[in-house]
Amino acid sequence: MLHNGAMSQPFRFRIPEHGTLVKEPFEPADPPPGWTRLAVKAMALNYLDLWTTRGIEGVKLPLPLTPGCDGAGIVEAVGPGTALPPGVEAGGSAMIAPGLSCGLCAECLRGDDMRCAAYGVMGHVLDGTAATHVLVPAANLLPVPPNWDFLQAAAFPLVFLTAWEMLVHKAKLQPGERVLVWGGGSGVGTAALQLVRFLGGRSIAVVSSLEKAMKCWELGAEHVIDRSREDVAKKVRELTGKRGVDIVFEHSGAASWDASLASLARGGRLVTCGATTGHDAKLNLRVLFAKQLSLLGSYMGRREHLWTLLGHVQRNPSNPPFRPVIDRVFPLSEYPAAQDHLAAGQAFGRVVCEA
Ligand SMILES: [Zn+2]
């Protein structure tokens, strides 16, 4: 029994074909064994929402599909015989770890779930959080930190997991090292700036306006480069005494690629999780070996590391070492407008919808 009385009609957004997004009423299903149903209270948008809706060349998605990778809400139904993770209770609040994997293969068993051949993300391979209700594997639920609201909880997992994996496990950031963070005002950029500070690194944020520059300083950036007015690689050489940075944190792609490589110090590491401006880039192999560079690709991160991040927050939930930055909140019924706002590229931090 899902409704009692005057509850509003459940709805979801649907991609029937790429390029089309429709809102429709639906009857939320009961969760099978191992699964739960969440009443979504908030969901946060990622660029993946845009790619999933528009379609990605060469990637076949299971349409029709409900987008939305990040979300938080109330655990309103639990599948038969299903145990819940520590700190999560039926009827209580939870946030979603967006990565889905088989749980049985060698990669999954050693914790590398994001390298599972069956790996996928909520809202990309399976119905996601742009809905009033969503089915989630019980193993993908995490408790909401004390004092955090649903908006913060929804805005936390994907970008912090991604930035943590890139900085800690791929680029292996050491205290004192310098990191160039492209898109300092993006969701993943705002997470990266805070994590660099938390890990003892020194960041240079790249932004597109003075207003965003001020906010990056508040998140711990040591320097900010306004790419609308300055040559990024030239400015990096100036700020680092011609040495360059140890790590470039990339997610922009073709438009920033050349400046990224030119900004690296000898032995530098470039780590990338996206290509929002295009995925075709050139590489001068002589520069690669002579400067002894490392190029590192990254996609999401181990689910266990969300628990690590949660642990750092829970030690001091009222003043955590990092927290999601929220740009703007839309009603869930206006999810398409929230997508347009994210696509416009003017947001500082996460674009979130509230149910
Ligand atoms: Zn697996």
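These exercises work through aromatic rings, cysteines and a surface patch in a predicted model.

**Exercise 1. Classify the pair formed by the rings of phenylalanine 11 and phenylalanine 13.**

Step 1. Start with the whole structure: a search finds seven aromatic pairs.
Step 2. Check the distance. The ring centres of phenylalanine 11 and phenylalanine 13 are 6.1 Å apart. Rings pair if their centres lie within 6.5 Å, so these two rings qualify.
Step 3. Check the angle. The two planes stand at 90 degrees. Planes over 60 degrees apart count as edge-to-face, so this pair is edge-to-face.
Step 4. Look at the surroundings of phenylalanine 11. Lysine 23 lies over the face of this ring, 4.5 Å from its centre.

**Exercise 2. Decide whether phenylalanine 11, phenylalanine 13 and tyrosine 335 are buried or exposed.**

Step 1. Recall the cut-off: buried means under 20% relative accessible area.
Step 2. Phenylalanine 11 has 16% relative accessibility, so it counts as buried.
Step 3. Phenylalanine 13 has 2%, so it is buried.
Step 4. Tyrosine 335 has 0%, so it counts as buried too.

**Exercise 3. Describe the pair of phenylalanine 13 and tyrosine 335, and locate both residues in the chain.**

Step 1. Phenylalanine 13 is buried. Its ring and that of tyrosine 335 are 5.4 Å apart, centre to centre.
Step 2. The planes make an angle of 45 degrees, and the pair is tilted.
Step 3. Phenylalanine 13 sits in strand S1 (residues 11–14), and tyrosine 335 in helix H11 (residues 335–343).
Step 4. The two residues are 322 apart, so the pair links distant parts of the chain.

**Exercise 4. Find which residues form one aromatic cluster.**

Step 1. Pick out the members: Trp148, Phe156, Phe160, Phe198 and Phe322.

**Exercise 5. Explain why cysteine 353 cannot bond to the closest cysteine sulfur.**

Step 1. A disulfide is a covalent bond between the sulfur atoms of two cysteines.
Step 2. The closest cysteine sulfur to that of cysteine 353 belongs to cysteine 69. The distance is 13 Å, which is too far for a bond.
Step 3. Now take the whole structure: it holds zero disulfides.
Step 4. Compare accessibility. Cysteine 353 is buried, at 1%. Cysteine 102 counts as partly exposed, at 36%.

**Exercise 6. Identify the residues of a nonpolar surface patch, and place leucine 295.**

Step 1. The patch is formed by Leu283, Leu285, Phe289 and Leu295.
Step 2. Together they have about 390 Å² of accessible area.
Step 3. Leucine 295 lies in strand S15 (residues 294–297).
Step 4. Leucine 295 has a relative accessible area of 34%, so it is partly exposed.

Notes:
Residues are numbered from 1 along each chain as its sequence is written. This is a predicted model: local features need pLDDT of at least 70, side-chain atom pairs count only at pLDDT 80 or more; totals for chains, interfaces and linings use all residues. Side-chain values use heavy atoms; hydrogens and water are left out. Patches are made of residues with over 30% relative accessible area and no salt bridge: like charges are joined within 9 Å, nonpolar side chains (Val, Leu, Ile, Met, Phe, Trp, Tyr) within 5 Å. Accessible areas come from the Shrake-Rupley method with a 1.4 Å probe; for residues, only the protein chains shown count as cover. A salt bridge is a side-chain nitrogen of Lys or Arg within 4 Å of a carboxyl oxygen of Asp or Glu. Helices (H or I, at least four residues) and strands (E, at least two) are DSSP runs, numbered from the N terminus. Buried means under 20% relative accessible area, exposed over 50%, partly exposed in between (1.4 Å probe, protein chains only). Rings of Phe, Tyr and Trp (its six-membered ring) pair if their centres lie within 6.5 Å; planes under 30 degrees apart count as stacked, over 60 as edge-to-face and the rest as tilted. A charge sits over a ring if NZ of Lys or CZ of Arg is within 6 Å of the ring centre and within 35 degrees of the ring normal. A disulfide is a pair of cysteine sulfur atoms within 2.5 Å.
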